[in-house]
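Trainee: I'd like to go through the contacts in this model and ask why each one gets the name it does. Could you take me through the reasoning?

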Amino acid sequence: MDQHGLTWPKEGNARVPYKVFADPELYRAELDRIFLGPSWQFLVLANELPEPGDYKTTFVGETPIIVARGEDGQIHAMLNRCAHRGNLVCLKAKGHTNDGLTCVYHSWRYDLAGNLQSVAFRRGVGGKGGMPADFRLEDHGLTRLRTSEFSGLVFGTLSPYAPPLAEYLGNQIGSHIARVFTGTPKVLGTTSQILHNNWKLYVENVKDTYHASLLHTFFTTFRVSRLTNPGGVGIAENGAHHFSYTQGGAHGDQAESDKAYAGIQSMRDDIRLEDPRFLDVVDEIGDGITIQILSVFPNFVLQQINNSLALRLVLPRGPDETELLWTYFGFEEDDAAMTERRLQQANLVGPAGYVSMEDGAVGGFVQRAIKGGADACSVIEMGGHEHLSQDTRTTEASIRGFWNAYRGLMGL
Amino acid sequence: MDLAAVARRLEIADLYAAYAACLDADELEAWPDFFTEDCHYRITSAENYEAGMPLGLIYATSRRMLKDRVSALREANIYEPQRYRHLISGIAIAKDEGNAVDVEASLLAVRTMQDGAMTMFAAGRYIDRAVRAADGWKFATKLVVLDSRRIDTLLAIPL
């Protein structure tokens with residue numbers, strides 16, 4: 001297939017042309033075919049908007065979105081773009097309103113479902129000017145997204161062709177989302193990172209179980225997680241979504257594990273934490289999975305690293321820039337000790353995270369390295385050429401799965 | 001203001017100057033010594049702080065945790081060579097209890113990478129409590145409230 005000036009290599013999903021991380025035309029096509037196409041985009045945690053009148057702004061790809069809880073108690077999502085002449089309707093990142101949403105430019109007013117309620121000077125002044133008699137408010141609402149909720153996560157889509165959310169996720173991915181939500185979500189804080197790389201390099205990184213204990217030497221050095229712990233990857237049939245899991249934490253055969261890591265640069269044997277309280281871990285879910293990283297195509301991540309829970313949204317900001325939005329959460333039911341545990345373990349992740357700070361940089365390293373390499377490809381063969389679930393993490397199967405789904409939507 | 005209070009203001013100004021110099025000179029091993037044994041250290045954003053959200057980008061509740069942070073930076077974490085230049089100004093003692101003071105100060109940290117690229121990396125304020133110990137003033141609490149929620153690439157070296 002030759003689309004967007006690109007012929008995909010004959011090896012299929014085991015090769016990715018570097019051009020897809022740098023080409024501005026491909027990037028524009030992705031915004032249309034993937035983000036505005038038949039995919040579901042994470043919008044908000046339902047609990048972030050508890051009261052009618054609460055609203056928040058976000059993005060679908062680069063497109064600005066308003067998410068609001070309407071007077072009817074339902075969550076609505078719509079373009080943050082006035083139906084009049086395209087101004088941002090919501091200027092604040094989040095807030096509460098008692099009288100709908102009013103565009104500052106010409107005071108067009110909408111309700112929280114995006115229906116146009118009034119137009120300033122609609123009848124003109126003194127019988128002059130004003131809108132034509134046949135102007136109908138109901139024809140000029142904000143463009144609405146279809147929304148759907150799963151485990152308290154609200155997703156939206158602008159495409160009529162996206163299948164129902166539960167079907168899009170599938171049973172296996174759905175059950176691994178649901179297992180994390182053992183209570184009523186409560187946000188503990190947010191942050192964001194500007195990554196100097198294409199959004200897909202971060203998504204690859206999330207799906208890459210091979211790198212975790214190699215790049216993130218903290219994991220290995222302090223024996224938090226190693227590839228020698230039992231674990232694996234579960235991958236949606238078309239490859240779009242995945243979850244990786246680790247079982248059993250730092251236990252297991254230490255000597256055997258040390259042998260496997262002998263000679264690898266990420267292994268140091270003589271360092272221990274002076275105050276390991278932040279690794280005081282509770283198996284709150286009760287199924288022995290200590291780490292689960294789950295992705296929903298194209299750009300949503302749900303993270304459970306021990307008791308550190310977070311949502312990550314990967315927002316494209318251009319061919320070579322990405323914003324990574326983090327929402328850390330616990331549950332309303334948490335006692336003070338559990339909240340403290342989550343805050344301590346949050347040291348593992350985020351921009352300063354012991355096991356995630358490298359992810360902020362490594363995509364940028366790749367982005368710099370592939371300059372001038374538009375005709376070259378990456379090699380993604382760990383664990384074979386398929387994108388099937390495997391009971392090992394020494395595999396790149398979920399990355400191949402991503403490319404399978406990506407190529408389908410892009411026609412590549 | 002009595003002379004002792006004036007002296008304290010000078011001592012606190014010196015504390016911040018030494019703190020900035022320590023980080024900017026990459027003397028990270030000495031950084032935990034600016035804190036008490038049971039200190040609280042947290043970096044957050046104004047957005048979280050104003051919403052009463054407890055999250056820290058770095059969250060430590062003891063000096064030993066700060067030491068662990070330094071050993072992870074030295075031995076485990078991977079990041080490109082970089083340096084900060086801290087500009088700390090407007091040091092204001094909000095509450096003076098003699099042997100303990102509540103202090104606020106503005107900070108600006110410019111980050112310079114190995115290729116010379118410079119970024120206005122962090123702007124914000126310190127909301128601190130310092131106490132007088134046998135060997136000088138120490139931070140019992142250091143809360144770094146950044147004006148922006150955004151961190152460029154990563155935050156390795158503390159602020």
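Trainee: How many salt bridges does the rule find across the interface of domain 1 and domain 2 of chain A?

Mentor: In this predicted model, the rule finds 0 salt bridges across that interface. To count, a side-chain nitrogen of Lys or Arg must be within 4 Å of a carboxyl oxygen of Asp or Glu.

Trainee: What else joins domain 1 and domain 2 of chain A, in terms of polar contact?

Mentor: The count there is 1 residue pair in polar contact, both at pLDDT 80 or more. By class, the side of domain 1 that touches domain 2 has 2 nonpolar, 3 polar and 2 charged residues.

Trainee: Which residues are counted as domain 1 and which as domain 2 in chain A?

Mentor: The domain assignment gives 45-148 as domain 1 and 170-410 as domain 2. Their C-alpha centres lie 37 Å apart. The contact takes 7 residues from domain 1 and 10 residues from domain 2.

Trainee: How much area is buried between these two domains?

Mentor: About 750 Å², with carbon and sulfur atoms giving 64% of it. On the domain 1 side, A:L45, A:N47 and A:F59 lose the most area to domain 2, together 58% of what that side buries.

Trainee: Now for the two chains. What makes A:R368 and B:E80 a salt bridge?

Mentor: Set the value against the cut-off: their side chains meet at 2.7 Å, N to O. The limit is 4 Å between a nitrogen of Lys or Arg and a carboxyl oxygen of Asp or Glu, so the pair qualifies. The count between chain A and chain B is 4 salt bridges.

Trainee: And how many residue pairs are in polar contact across the interface of chain A and chain B?

Mentor: The rule finds 28 such pairs, both residues at pLDDT 80 or more. Among the elements on the chain A side, β14(A) gives the largest share, 9 residues.

Trainee: Why are β14(A) and β7(B) called paired strands?

Mentor: Pairing needs at least two bridges, and β14(A) has 3 bridges with β7(B), so the name fits. The sense is parallel. One of the bridge partners in β7(B) is B:D152, which goes with A:I194.

Trainee: How many residues take part in the contact of chain A with chain B, and how do you know they belong to it?

Mentor: Chain A gives 41 residues and chain B gives 31. They belong because contact means heavy atoms within 4.5 Å. In chain A, A:E274, A:Y354 and A:M357 lose the most area to chain B, together 16% of what that side buries. The area buried between the chains is about 3500 Å², of which carbon and sulfur atoms give 51%.

Methods. Residues are numbered from 1 along each chain as its sequence is written. Chains are lettered from A and ligands numbered from 1 in the order in which they are written. This is a predicted model: local features need pLDDT of at least 70, side-chain atom pairs count only at pLDDT 80 or more; totals for chains, interfaces and linings use all residues. Side-chain values use heavy atoms; hydrogens and water are left out. Buried area is the accessible area (1.4 Å probe) that two parts lose on being put together, summed over both. A polar contact is a pair of N or O atoms within 3.5 Å; within protein, one must be able to donate a hydrogen and the other to accept it, and residues adjacent in sequence count only if both atoms are side-chain atoms. Helices (H or I, at least four residues) and strands (E, at least two) are DSSP runs, numbered from the N terminus. Domain bounds come from an automatic or database domain assignment. Ala, Val, Leu, Ile, Met, Phe, Trp, Tyr, Cys and Pro count as nonpolar, Asp, Glu, Lys and Arg as charged, and the others, Gly among them, as polar.
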